[in-house]
Amino acid sequence: MKLGFLASHGGSNMQAILDGCETGSIQATPALLICNNRNAGALERAANAQMPSVVLNSKTHPEPDDLDRAMLEALRDAKIDLVILAGYMKKIGPKTLTTFSNRILNIHPALLPKHGGQGMYGMRVHEAVIVAGEKQSGATVHLIDAEYDEGPILQQISVPVLPDDTPETLQKRVLEKEHFLYPNTLAKIARGEIKLP
Ligand code: GRF
């Protein structure tokens, strides 16, 4: 199983998955990183893991259709089986979405279907969880479809929301669990314990 990553920023989730592949707990080969941001920390992580990377964005491809095609071509050239969104802040084009239907995974830092959707990313998610007075938050690994955060859920993990939590402290607690949940989900997919539609 060859993994292709899409990331925009630090890529700590990608790192957790790279580490799992390295130790053999995930039976998969990290094969490509596509980044929209040429300053993303994820690029350095890919280089350290000797995984090829490419920057594709509206500067390299001003036409959205061309960008979609270039992404699809890069994924096909690298013979990617599964696309892993690891903090990717852009929408994926329709050709890539269709070709990799049910083969694009995302992690969201809350218990979907709550606190997801357009505009719900980064600290905003944790702010919304606290404002809603939730006692539990967590992380969700799910498949991507054309809508934000709406594809089938594969696995979730909970964390408590504590009375004195700030969005920052909650984010930290959730992110630690993300680093367990995402690799764990991929390991289960690789072993056939989670079957993709
Ligand atoms: C994570 O919180 C993830 O849930 C969300 O984007 C963030 C990415 O963080 N989709 P990192 O780049 O993996 O550190």
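Biologist: In this predicted model, His108 lies in strand 5, residues 104-108; why is His108 counted as buried?

Modeller: Buried means under 20% relative accessible area, and because His108 has a relative accessibility of 3%, His108 counts as buried.

Biologist: What does His108 touch, not counting residues up to four places away in sequence?

Modeller: With those residues set aside, His108 touches His115, Gly116, Met120, Val125, Gly138, Ala139, Thr140, His142 and Asp149, where contact means heavy atoms within 4.5 Å.

Biologist: Val125 belongs to helix 5, residues 123-131, as one of its buried residues; how do you know that the buried residues line one face of the helix?

Modeller: The buried residues of helix 5 are Val125, His126 and Val129, and seen down the axis of helix 5 they fall within an arc of 95 degrees, so they line one face of the helix. As a general point, an α-helix has 3.6 residues a turn, so residues three or four places apart point the same way.

Biologist: What do the buried residues of helix 5 pack against, and which residue with a positive phi follows the helix?

Modeller: The buried residues pack against strand 5, strand 6 (136-143) and helix 6, while helix 5 is followed by Gly133, whose phi is positive, near 70 degrees.

Biologist: Ile189 is found in helix 6, residues 167-190; what makes Ile189 count as buried?

Modeller: The cut-off for buried is under 20% relative accessible area, and Ile189 has a relative accessibility of 10%, so Ile189 counts as buried. Leaving aside neighbours within four places in sequence, Ile189 is in contact with Met1, Leu82, Leu105, Leu154, Ile194 and Leu196.

Methods. Residues are numbered from 1 along each chain as its sequence is written. This is a predicted model: local features need pLDDT of at least 70, side-chain atom pairs count only at pLDDT 80 or more; totals for chains, interfaces and linings use all residues. Side-chain values use heavy atoms; hydrogens and water are left out. Buried means under 20% relative accessible area, exposed over 50%, partly exposed in between (1.4 Å probe, protein chains only). Helices (H or I, at least four residues) and strands (E, at least two) are DSSP runs, numbered from the N terminus. The arc is that of the directions from the helix axis to the C-beta atoms.
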